[in-house]
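Please open the model in your viewer and keep the sequence panel beside it, since each stop on this tour begins with a selection and then describes what is there.

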Amino acid sequence: MKGLRIEGHGLDSVKLVADLVAPNSSHLEPNQVIVKVKAAALNPNDVRMALGYMTLFTSAAVPGVDVAGIVTAVGSAVSRLSSGHRVHGLAHFRACGCFAEYVVMNEDSLVLIPEALSFSHAASLPCVAETSLQALQAADLRSGQSVLILGGSGGTGSAAIQIAKAIGATVTVTCSERNSELCKSLGASETIDYNKEDFGTRTGQYDVVLDCVGANANFGKGKHVLRRGGRFVAIAFDTDNEGPLTVGRLLKFSLSLSCTKVLSWFSSCSFQFITCFGDRRLLEQVDTMVKDGKMRAVIDSEYRLEQFREAYDRQATGRVRGKVVLIVEDSE
Ligand SMILES: NC(=O)c1ccc[n+]([C@@H]2O[C@H](COP(=O)([O-])OP(=O)(O)OC[C@H]3O[C@@H](n4cnc5c(N)ncnc54)[C@H](OP(=O)(O)O)[C@@H]3O)[C@@H](O)[C@H]2O)c1
């Protein structure tokens, strides 16, 4: 089958190949399904994986964790899904495999796509919406509270704005001026242009800060903009400090997260770092918001599988508005 394969390090090492072994239904584990991939979405980690930064976490040759497609075969213990179902979901980041014509996934990572949602839109939601929902739930964001989202215009930020708004919170985001209208159209009441204003000057204004830009670097300021008892939740590594994730760097990052956590005990607010491993119950909640008209996928750009290099280049700019999507098979 056709798909992308990483054959070394660097964006040039991502190749479109036709000799990937297609999954065989007779080899499925009881809880697994085969999905014929229609669309898949890129994430910052796909770029890091191509650059060779993620070898500590995954040795998968075929990248891609966000998928939408059609079930073609199910394992013996699969109960919710059958062949022909339109599904979307988040593959485990160790397994990946979604940038190909077929992928094998656990039934528990997939849910039915809401009617009227295209494959492209459905592929754009799992990773960013599940992560944002998990983070805002961890922060216990409630109706009537105020949240500051750092990085409102990217994949996670654009999902988080809508989720926070659906919860009933008042949403402020940091974004560049060109993305202000987009963030407001998604539900932000106010935007802070991070090129002109330091969000750290907004002392004591928010109940929750969700940091989609860079964990520790922002907590120092974040704790001052929180009210007493406020919660700072981070999902992103410090982007000023990108590079191969070696055991040493991972230990350093974990240590600095722990120090930040300990520091937070002496301040009036809490600090958490969230890692999303994919949970279909989160995606089901997101899909309910989609059906209720409270959530939409934000697509930056779409590329055919053959145009994968342009898609990777676009994602690698770090300037995407919403999601970059790969169309693997172009029909509904
Ligand atoms: N912990 C987890 O489980 C988890 C899950 C998903 C993602 N993540 C991580 O979370 C981070 C964000 O992911 P993403 O998918 O949202 O990335 P993304 O879509 O690539 O984010 C790009 C956006 O970030 C904005 N941005 C860049 N620098 C900014 C700054 N200093 N202040 C405000 N906005 C800024 C850009 O806007 P401008 O063009 O205006 O600068 C752009 O719209 C990544 O590091 C990703 O790996 C973690």
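A residue is called buried here if 20 or more other C-beta atoms lie within 10 Å of its own, and exposed if 12 or fewer do. The model is a predicted one, and every stop below should be read with that in mind.

**Helix α7**

Select residues 247–265, which form helix α7. By the count just given, α7 is hardly covered, with one buried residue among its 19 residues. From its first C-alpha to its last, α7 reaches 27 Å, close to the 27 Å expected at 1.5 Å a residue.

**Helix α3**

Next select residues 126–138, helix α3. This helix has 13 residues and reaches 18 Å from its first C-alpha to its last, close to the 18 Å expected at 1.5 Å a residue. How many of the 13 residues of α3 are buried? Ten of them are, so α3 is largely enclosed by the rest of the structure. To see them, colour Pro 126, Cys 127, Val 128, Ala 129, Glu 130, Thr 131, Ser 132, Leu 133, Ala 135 and Leu 136, which are the buried residues in question. Just after α3, pause at Asp 140, which takes a positive phi of about 55°.

**Where α3 meets α4**

Keep α3 on screen and add residues 155–167, helix α4; the two helices pack at an angle of about 50°, with their axes 8 Å apart. That angle makes α3 oblique to α4, and α3 passes α4 in a right-handed crossing. On the α3 side, show Val 128, Ala 129, Thr 131, Ser 132, Leu 133 and Leu 136, and on the α4 side show Gly 155, Thr 156, Ala 159, Ala 160, Ile 163, Ala 164 and Ile 167, for these are the residues that meet. Sorted by class, this contact of α3 with α4 has nine nonpolar, four polar and no charged residues.

**Where α3 meets α8**

Now hide α4 and select residues 280–291, helix α8, which packs with α3 at an angle of about 95°, the axes being 9 Å apart. That angle makes α3 roughly perpendicular to α8. From α3, the contact is made by Pro 126, Ala 129, Glu 130, Leu 133 and Gln 134, and from α8 by Leu 282, Leu 283, Gln 285 and Val 286. By class, the contact of α3 with α8 has six nonpolar, two polar and one charged residues.

**Two loop residues with positive phi**

Most residues other than glycine have a negative phi, and the next two selections depart from that pattern. Go to Cys 96, in the loop between β5 (86–90) and β6 (102–106), where phi is near 50°, a positive value in a residue other than glycine. Is Cys 96 buried or exposed? Cys 96 is buried, because 24 other C-beta atoms lie within 10 Å.

Then move to Ala 116, which lies in the loop between β7 (110–112) and α2 (119–124). Ala 116 has a positive phi of about 80°, although it is not a glycine. With 8 other C-beta atoms within 10 Å, Ala 116 is exposed.

**Strand β8**

Select Leu 148 in strand β8 (residues 146–150). Leu 148 is buried, with 27 other C-beta atoms within 10 Å. Leaving aside its neighbours within four places in sequence, Leu 148 is in contact with Thr 172, Phe 199, Tyr 206, Val 209 and Val 225. If you draw a distance from Leu 148 to Arg 304, 156 residues away along the chain, the C-alpha atoms are separated by 35 Å.

**Glu 306 and Arg 314**

Finish with two charged residues, beginning at Glu 306 in the loop between β14 (299–304) and α9 (308–316). Glu 306 is exposed, because it has 11 other C-beta atoms within 10 Å. Between Glu 306 and Ala 135, 171 residues apart in sequence, the C-alpha to C-alpha distance is 34 Å.

Arg 314 lies in helix α9 and counts as partly exposed, with 17 C-beta neighbours inside 10 Å. Apart from neighbours within four places in sequence, Arg 314 is in contact with Ser 301, Val 320 and Val 324. As a last distance, draw Arg 314 to Lys 38: these residues are 276 apart in sequence and 20 Å apart in space, C-alpha to C-alpha.

Methods. Residues numbered from 1 in each chain as written. Predicted model: local features only at pLDDT ≥ 70, side-chain atom pairs only at ≥ 80, totals over all residues. Axes fitted to C-alpha atoms, helices over the stretch in contact; angles between N-to-C directions. Helix = DSSP H or I, 4+ residues; strand = E, 2+ residues; numbered from the N terminus. Parallel < 35°, antiparallel > 145°, perpendicular 65-115°, else oblique. Left-handed = near helix turned anticlockwise from the far one by under 90°. Contact = placed C-beta atoms within 7 Å. Nonpolar A, V, L, I, M, F, W, Y, C, P; charged D, E, K, R; others polar. Expected span 1.5 Å × (residues − 1).
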